Structures are given as C-alpha cells and as structure tokens.
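Me: I have a model open on my screen and would like to go through it with you. Could you help me read its sheets and cores?

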Amino acid sequence: MKTVEKETERTEEKKTSTEQKTPPKRTPFKREDKTAGFWRTLFPYMKPFRKNIIIATVLSMITGACVALQPLVIKYVVDSGISGQPFVLFGKEIPVADPVLFIAILAGAYVLISLGRIFTWRYGYKNILKLQEGTLFNLRSKFFGHVQRMCMHFRDKNSSGELYNYIMGAPMTNIKSFLAGIFQGVPYQAVSLVISVVLLISYEPILTLIVVAAAFVMAFFNRRSRKKIREVSRNYLDAEKETSHYVSDALHGGEATKMYAIEDASITAFDQRLNTLRMTGIRAPFVNIVEAAKPEMVQYICTALVYFVGGYFCLSERIQVGELYLFISTMGTIFGVIIAWLNLFFSQSTAAVALERIDAIIAEHSTTPEVAADSRRSVEIEKESAQRHGKPCIAFHNVDFAYGDKKIFENLSCELKYGESLALVGGSGSGKSTFTKLVMRLYEVNGGEVLLHDRNVKDYATHDLRLSFGVVPQNPYIFNGTVWDNIRIVRPDASNYEIIKAMEVARVHEFVNDLPHGWSTVIGDGALGLSGGQKQRVAIARAILKNPDIFIFDEATSALDNVSERLIQEAMEELMQSHTVIFVAHRLSTIRNVNRILVFDHGKIVEEGNYDTLAASNGAFRELLDAAEGKLARLENPPKF
C-alpha cells in the first residue's frame with residue numbers, strides 16, 4: 001500500500017514538475033520602453049547607493065550655483081570697479097568709494113566661490129565613484145552569478161568571449177560613463193542653467209530670447225540624432241560581440257590550429273572580423289561627432305548674433321559693457337549645459353543598448369530550473385530511504401532526450417544498483433556521455449524521468465545533486481593556478497593529508513615532483529606544460545578528494561601510457577569496492593572487471609551483461625571488440641608501401 005501511495009505521489013510531483021518546467025519569462029526591457037524601461041532595469045543595482053546619490057546631487061547643485069555666480073564678478077569689476085557705476089545689492093545702489101579695494105574684494109569673492117566649486121565637486125565625485133563602481137559590481141555579480149547557474153543549453157548558444165565582453169567590455173563602460181554624467185553633471189548643470197537664465201532675463205530679455213530660441217533648435221537636432229546614435233552603437237556592439245566570440249574560440253583552439261596548419265586561414269578570418277569592427281569603430285564616433293556638430297553650429301551662429309545685438313545695445317547705451325560681459329560668459333555656461341545634455345542623451349542611447357543586451361541575458365531562464373526551497377529533497381535522507389527499501393541508486397524510466405532536432409534517447413529505461421560498477425560502451429554519438437549528463441541534470445529530459453535514490457533528480461537542488469558525483473571527464477579542465485589548488489578546489493576545507501592522499505592514489509606525485517616548484521607550480525590556464533595523462537591524473541585526484549557517492553569516469557585513462565593506465569586502473573578498481581561507479585569507455589580493456597556493461601547503439605541499449613558473457617556472444621559488444629583488436633593489429637603491424 002505504501003508503495004502505491006509513493007508511486008501516486010511521484011506521479012503528482014512529476015505532473016507538477018512538468019507544469020512548472022518552463023517558468024514565466026521576465027521580459028527584458030526594449031529600447032521602445034525608452035527612459036522608463038532603462039531606469040526600471042538599472043535602479044535595483046543602484047538602490048544600495050541612494051545615500052551617495054543624494055550627497056552627490058546636493059554637492060553638484062552647490063557646484064552649479066558657484067558656476068552660475070562666477071560671471072557676476074566680471075560684471076561688477078567692469079561696471080562698478082572700472083566704469084564707476086554704483087554697486088547694486090538687493091535693489092539698493094551703493095557708491096564705490098575706493099575702486100581698487102572694491103576690485104580686490106571682488107577678486108577675493110571669486111577665489112572663495114572657486115574654492116567652493118572645487119571642494120563640492122571633489123567630494124561629489126567621490127560619491128559618484130562609489131555609485132559607479134558599486135552599481136557595476138552589483139550588475140557584474142548578478143550577471144556572472146546568473147551565467148554560472150544557467151543550463152548547458154545556454155552555454156551551447158553563448159560563447160565565453162561574448163559573455164566576457166558583457167562583463168568587462170564596452171557595455172559596462174557605457175553604463176559607467178552615463179551614471180557619472182546623469183548624477184554629477186545634470187544637477188549642477190540644471191542649477192547653473194536656472195540661475196543663468198534668471199540673470200539674463202533680468203538684464204536683457206531680447207538677448208535671452210535669442211539664446212532660448214537657439215536652445216530649442218539644438219534640442220530639435222538632438223532628437224533626430226538619437227536614433228542614429230542608437231543604431232551605430234548597436235552595430236558596434238554586434239561587431240565587438242562577433243569578434244570577441246571568434247577570439248575566444250581561436251585562443252581555446254590554438255593547439256588544433258597548429259595541428260591542422262590553418263594559422264593563415266585563422267588570421268584571415270580574424271582580420272575580416274577585425275576589419276568589420278574597425279569600420280564600425282570609425283563610423284560610431286564619427287556619427288557622434290557629425291550629430292554633435294549640428295547643435296554646435298547653432299551655438300556659433302547664436303553667439304555671433306549675440307555679439308552683434310549686444311554690441312549694438314552697448315553703443316545705444318541700452319546695456320552696460322559689464323552686462324554684455326556677463327551675458328556672453330553666462331551664455332557660454334548655458335550652451336555648455338545644453339551641449340553636455342545633448343552628449344548625455346547620446347551617452348544614454350549607448351548605455352541603453354548595452355543594458356538591453358545585458359538584461360536580455362539575465363532575463364533568460366534555465367532549462368533546468370531549481371526546485372523551490374521548501375520542496376527540495378535531501379540527498380542523504382533519500383539515499384538512506386532508498387537503500388532501506390531496496391531501491392536502485394540510479395534509474396531511467398522511459399527517458400526521451402534530444403539536442404535540438406537531434407534525437408538521442410527514446411523511451412530509455414535502465415537501473416544501477418548501489419555499489420555496482422557499470423560500463424557504458426558503444427560508437428560515437430550513441431548516447432554514453434549524454435547518459436551521465438542527464439544523471440547530473442546538466443540537461444533536462446524531454447520525457448520520462450531520471451531517478452537518483454528513487455527520487456526524480458528535479459526534486460534536488462542542483463548543487464546538492466552534483467555534489468553526489470565525482471566526475472573525471474575525457475578532457476578535464478585545468479584552472480589557472482597551482483597543482484595543489486587545482487585539486488583542492490573541489491573541497492577547500494580538505495586537510496593537507498587528504499589532498500596528499502588523493503594525489504598518491506591518482507599517481508599525481510609521480511610527475512609533480514619533476515615540476516619546477518612541485519605541487520606549488522602554477523600550471524596556467526588550460527594546464528600548459530602538462531601532458532594529457534597528467535591532466536587526467538589531476539582530475540582523478542580531484543574526484544577522489546571530493547569523496548562522492550558515485551564516480552563517473554568518462555574515458556579517464558584514454559590519454560595515459562600503459563604503466564599509468566595500469567596504476568590508475570588499480571585505483572579505480574579499489575574505488576569500485578566501496579562506491580557506485582559509472583565508466584564511459586572506448587578502450588574496452590579497461591572494463592574487464594566491472595559488474596555490468598550496457599552496450600548503446602543510436603540511443604538504445606542493445607546488449608547487457610558482464611565482460612566475459614558479452615565477449616563470448618556474437619552481438620554488438622563482440623563487434624566492438626573485434627574492431628578494437630583489428631585497429632590494434634594495424635597499429636602494431638602497419639602496411640608497407
């Protein structure tokens with residue numbers, strides 16, 4: 001009765017899991033969302049730095065007031081200090097008795113205003129740096145963490161070079177530049193603009209009208225320019241993405257490039273992509289300059305018009321010379337603000353394109369989503385329960401799986417008992433490695449279910465699930481670091497004794513003593529300087545140190561010499577006595593002592609049994625043995641020409 005209830009429970013859970021397989025996707029913001037979508041996306045990363053934003057904004061506004069007040073000194077020096085006109089303060093005229101002393105006081109006031117401008121800008125900039133770097137830290141951390149937790153399908157379609165560029169390249173730089181402009185530039189520019197316009201209107205409305213009209217014309221040109229800027233920015237990021245993708249692939253495949261003598265073709269292909277990047281790199285800033293030149297030309301025409309009208313007003317004594325100086329200086333401030341804002345709009349366009357790309361990656365959902373925290377099963381508890389009830393360690397129930405349109409498994413079913421050693425053999429593409437990837441839930445099955453400890457692998461947290469496995473792949477990845485660190489990485493809390501023991505079992509000590517600095521030798525990204533067999537022994541030591549419940553050896557001895565293979569074989573057979581072990585094997589001589597062999601052919605299990613039984617039959621396994629023996633004979637006795 002309990003068994004029936006458990007099966008019913010599993011059916012319901014499977015149904016629920018299927019229903020929740022594709023979670024509702026968060027739609028990343030698009031450029032059509034304009035400013036609101038941009039800020040809605042960026043604000044969560046900026047939120048912890050609200051205090052810095054407030055401080056920087058207030059200090060920036062004080063800076064803006066200082067900038068706007070500085071030209072007033074010029075006016076009073078000319079009109080009251082030199083020309084002898086009364087000094088006007090709050091509507092009251094004050095005669096200037098000592099012009100030299102008056103000019104000295106104004107010079108001192110100018111210095112004080114300038115010092116205030118410098119110090120407020122300096123401390124405001126410090127807060128802006130905290131905002132910039134903090135926001136980028138949060139964005140990069142979110143992006144990297146999301147990428148690290150994404151499924152293998154995601155990795156298959158996004159290159160490491162492209163993802164690196166999103167984290168450390170132009171997209172982040174564009175966002176950083178925009179943050180500085182919007183939070184430090186805009187507040188002081190807005191205050192200085194308001195004060196400047198008020199001053200101009202109070203002295204000469206007609207000249208002010210000329211400046212305001214020019215500002216509207218400049219804004220019109222800016223609106224038309226933003227679309228072009230977004231387009232060229234997007235094209236540049238596309239070219240940069242394509243080039244980064246190719247560079248990453250070429251650098252990782254450097255050895256293959258030399259083996260196949262395709263250096264020239266690789267260089268040509270790179271130059272083609274680099275040329276595209278060069279052309280877009282020229283066009284993007286050139287378009288920026290061309291579009292910026294339009295409002296700049298309006299500024300020059302307006303300035304010339306103000307010179308003419310202002311000069312005429314001075315000659316007709318409508319305004320004083322100092323007022324014209326004030327007007328010209330303040331007009332420069334106003335136009336500087338407008339130009340800065342136009343450039344800021346351009347900067348926002350490039351930042352929006354960058355954030356759109358980054359957010360699109362973050363918005364992607366894994367095809368192997370995590371189970372809810374309150375629904376997760378404990379691996380240890382389920383293991384104990386399964387062993388107590390005599391259930392298998394691993395089971396495939398009617399599993400269907402395909403890589404896109406390429407079908408691998410259809411209705412596959414099999415089981416693996418606790419403590420059993422199982423070998424998977426078959427031709428290339430028959431599904432052997434895919435079998436192990438589905439067990440670890442690196443990919444999601446299309447139908448059926450994969451069980452670990454009599455529970456669907458979807459019921460476990462992926463981190464806990466994968467901790468159950470110690471994997472030695474055919475081409476192990478060696479991280480940039482020492483030999484010691486490369487082994488210790490799977491268990492940072494491991495004792496020195498445990499690490500040394502794992503190295504001894506994997507026979508790492510046989511070659512590590514020959515390295516320049518022993519196990520402290522930095523072996524570099526990709527383990528340059530280590531042979532294939534040495535890299536595999538490092539990977540085996542990793543798996544042993546991890547001490548998992550289940551070992552997976554995916555052609556773990558394929559790159560070893562005969563002596564090393566025998567030593568590693570002994571170590572693996574020792575592990576077979578106390579662990580559940582899965583072997584993915586092409587070299588059939590390495591699986592003589594396994595408990596059971598599954599022979600795969602086009603995603604189906606066509607034979608099953610131990611080595612001696614299958615070798616004595618005339619089935620698929622015998623054909624694999626004959627093919628292997630024939631290949632060995634050809635190697636030992638090559639044909640003569």
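Reply: Happy to! This is a predicted model, where local features need pLDDT of at least 70, side-chain atom pairs count only at pLDDT 80 or more, and totals for chains, interfaces and linings use all residues. Residues are numbered from 1 along each chain as its sequence is written, and side-chain values use heavy atoms, leaving out hydrogens and water.

Me: In S4, which residue is the bridge partner of Ala402?

Reply: Strands (E, at least two residues) and helices (H or I, at least four) are DSSP runs, numbered from the N terminus, and two strands pair if DSSP finds at least two bridges between them. S3 (residues 394–403) and S4 run antiparallel, joined by 7 bridges. The partner of Ala402 in S4 is Lys407.

Me: Which strands stand at the edges of the open sheet of 4 strands?

Reply: The pairing is antiparallel, in the order S4-S3-S6-S7. Each edge strand has a single partner, so one of its sides lacks a neighbour in the sheet; these strands are S4 (406–416) and S7 (455–456).

Me: Which helix gives the most to the largest nonpolar core?

Reply: A nonpolar core is a set of buried (under 20% relative accessible area, 1.4 Å probe, protein chains only) Ala, Val, Leu, Ile, Met, Phe, Trp, Tyr and Cys residues joined through side-chain atoms within 4.5 Å. The largest one has 44 residues, and Ile487 and Phe621 are among those touching the most other members. With 7 residues, the helix that gives the most to this core is H18 (residues 532–546).

Me: Which residue takes a positive phi in the hairpin of S11 and S12?

Reply: S11 (residues 596–601) and S12 (residues 604–609) run antiparallel, joined by 5 bridges. The hairpin has 2 residues between the strands, and the one with a positive phi, near 55°, is His602.

Technical notes: Buried means under 20% relative accessible area, exposed over 50%, partly exposed in between (1.4 Å probe, protein chains only).
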